[in-house]
Amino acid sequence: MSGGDKYVYQSGFGNHFASEALPGALPVGQNSPQVCPYGLYAEQLSGTAFTVARHANQRTWFYRIHPSVVHRPFAPYNQDGHGIIGTFDARTTEPTPTQIRWLPFAIPEDQQVDFVDGLRTIGGAGDTALKNGLAVHIYAATTSMNQRAFSNSDGDLLIVPQQGRLDITTEFGPIMVAPNEIAVVQRGIRFSVALPDGPSRGYVLEVFDGHFELPDLGPIGANGLANPRDFQTPTAKYEHTNDKWSIINKYQGELFIAIQEHSPYDVVAWHGNYAPYKYDLANFVVVNSVSFDHIDPSIFTVLTCKSAHPGTAVADFVIFPPRFEVQQHTFRPPYFHRNCMSEFMGLIRGEYEAKKGGFLPGGASLHSMMTPHGPDAHTVEHATTRDLMPGRVADNTQSFMFESMFQLRLTKWATDNKQRDHDYFKAWQSIPITFNPSQR
């Protein structure tokens, strides 16, 4: 339990957890007895195919008051109004190799918009129906979800709040997520978002294939980066009501709605290893060069969703946290770069070390595959003339990156957004020519 968080969690990453809100609600010795304790129903939620290898198999058993199948048929939801897509082709999106930056995305303060209605797709790649690819969204919400639950059949969601805490109710129990924390809610899990601090904004990374896992540490050893013990999974808490609820399901990029006459959060007990979790980015153990030059930014990877190609990710979640910088005779800011991966960046708070000024909290940037990028002219001037004394970098700052092997296509909402900074290219135009063939 942390400051501002009243909930109790279980610690660990990928553990087989067990939790019950009533003593003895979990069956002993089997998963699906003829009659469950307290007259509950057993229901399995599978996060992987039954026959996936044991080390990668993910599933959870719920013991709930109503089976989740007790609802009316699904119907299309707000087909003309929602801002989400699930197929990234020439009909729905457009490509651009141009460096793009957005000023902080607007929050519709004069409207009642909850988390679901406030989701907007920025871009992505692939197709949800083929379980291949990813999407990047932002959310901007002004009101809590009231008697509404959301479930995503298309993939796992990694949620990054930038403004305002999210009080997330899930079938597994509640999670409180503050800025500088993240939450992961996997495919198929029902959840609702309340806004205890008022209007909220943030970023969402969605992966269509696989699940997030901790990156391999290799020669770093057994400890470092995001340690498993710092991940927190909720504990069981149930509601037993006969209220009318709306279940909103994202399926192949479209939204559908079904009505039911009970709370979806009527799980009294559960056990398994397929469960949502949160993580405080302040707990990340930073690794960096203590001599000269840079280690590549992969050392800042918190979570990865691996692809079928070893060492290559569907998506990585990378952060640039407060840390010491001590490299000698080194250009210390992030180096100029052309990457075989796509880089979407956001800023939770503070000033990003390579672009102080135009890159603001609540905004974003996209540097597409093989598009040049790097520090702006002011940062270059400072970095090439400063005294290289040991010091701190990024204090009171937290920036992050969604990095992917896929080439991202952008929605019209993103390319035409009034917050797009069309002068972004100017950040590099005044970098001086310092070449002198007569002087090494």
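**Sheets, salt bridges and cores in a predicted model**

Author: This is a predicted model. One open sheet in it has four strands, ordered S2-S20-S4-S3, with antiparallel pairing.

Reader: Which are the edge strands there?

Author: Strand S2 (17-20) and strand S3 (41-46), each of which pairs on one side only.

Reader: And how much twist from one strand to the next?

Author: The average is 20°.

Reader: How many bridges between S3 and S4?

Author: Six, and S3 and S4 pair in the antiparallel sense. As one example of the register, Ser46 has Arg59 in S4 as its bridge partner.

Reader: Next sheet. What is the order of the six strands?

Author: The order is S7-S26-S25-S28-S23-S22, again an open sheet, with antiparallel pairing. Strand S7 (100-102) and strand S22 (301-306) are at the edges with a single partner strand each, so one side of each has no neighbour in the sheet.

Reader: By how much are neighbouring strands of this sheet turned against each other?

Author: By 15° on average, with direction ignored.

Reader: What about S22 and S23, how many bridges?

Author: Five bridges, in the antiparallel sense. Lys306 and Ala313, the latter in S23, are bridge partners.

Reader: Switching to charges. What does the count of salt bridges come to?

Author: It comes to 20. One of them joins the side chains of Arg72 and Glu261, at 2.6 Å from N to O.

Reader: Where do Arg72 and Glu261 lie?

Author: Both are in loops. Arg72 is in the loop between strand S4 (59-64) and strand S5 (75-76), and Glu261 is in the loop between strand S19 (254-260) and strand S20 (267-272), so the salt bridge ties together parts 189 residues apart in sequence.

Reader: What is the relative accessible area of Arg72?

Author: Arg72 has 45%, which makes this residue partly exposed. Glu261 is also partly exposed, at 36% relative accessibility.

Reader: Which residue forms a salt bridge with Glu181?

Author: Lys278, with the closest N and O atoms 3.3 Å apart. That pair also links distant parts of the chain: Glu181 is in strand S14 (residues 181-185) and Lys278 in strand S21 (residues 277-280), 97 residues apart.

Reader: Glu181 and Lys278: buried or exposed?

Author: Both are buried. For Glu181 the relative accessible area is 7%. The side chains of Glu181 and Lys278 also make a polar contact, at 3.3 Å.

Reader: Why does Glu181 count as buried at that value?

Author: Because buried means under 20% relative accessible area, and Glu181 has 7%.

Reader: And the salt bridge of Asp416, what is the partner?

Author: Asp416 pairs with Lys412, the closest N and O atoms being 2.7 Å apart. Asp416 is partly exposed at 49% relative accessible area, while Lys412 counts as exposed at 58%.

Reader: Which residues are joined into one network by salt bridges that share partners?

Author: Glu43, Arg64, Glu171 and Asp266.

Reader: Back to S14. How many of its residues are buried?

Author: Five of its five residues, so to speak of cover, S14 is mostly covered. Glu181, Ala183 and Val185 point one way from S14, and Ile182 and Val184 point the other way.

Reader: Which strands pair with S14, and over how many bridges?

Author: Strand S11 (residues 156-163) is joined to S14 by three bridges, and the two run antiparallel. Leu157 stands opposite Val185 in S14. S21 pairs with S14 over four bridges, also in the antiparallel sense. There, the bridge partner of Glu181 is Asp280 in S21.

Reader: Now the nonpolar side. How many residues does the largest nonpolar core have?

Author: It has 52 residues, and those with the most contacts inside this core are Trp102, Leu158, Leu303, Phe317 and Phe402. Strand S23 (residues 313-320) gives the most to this core, with six residues.

Reader: What does Phe317 touch?

Author: Leaving out residues up to four places away in sequence, Phe317 touches a list of residues including Leu158, Ile182, Leu281, Phe300, Leu303, Met401 and Phe402.

Reader: How many residues are in the other core?

Author: That core has 38 residues and lies apart from the largest one. Among its members are Tyr7, Ile175, Phe191 and Ile259.

Notes
Residues are numbered from 1 along each chain as its sequence is written. This is a predicted model: local features need pLDDT of at least 70, side-chain atom pairs count only at pLDDT 80 or more; totals for chains, interfaces and linings use all residues. Side-chain values use heavy atoms; hydrogens and water are left out. A salt bridge is a side-chain nitrogen of Lys or Arg within 4 Å of a carboxyl oxygen of Asp or Glu. Buried means under 20% relative accessible area, exposed over 50%, partly exposed in between (1.4 Å probe, protein chains only). A polar contact is a pair of N or O atoms within 3.5 Å; within protein, one must be able to donate a hydrogen and the other to accept it, and residues adjacent in sequence count only if both atoms are side-chain atoms. A nonpolar core is a set of buried Ala, Val, Leu, Ile, Met, Phe, Trp, Tyr and Cys residues joined through side-chain atoms within 4.5 Å. Contact means heavy atoms within 4.5 Å. Two strands pair if DSSP finds at least two bridges between them. Axes are lines fitted to C-alpha atoms, for helices over the stretch in contact, and angles run from 0 to 180 degrees between N-to-C directions.
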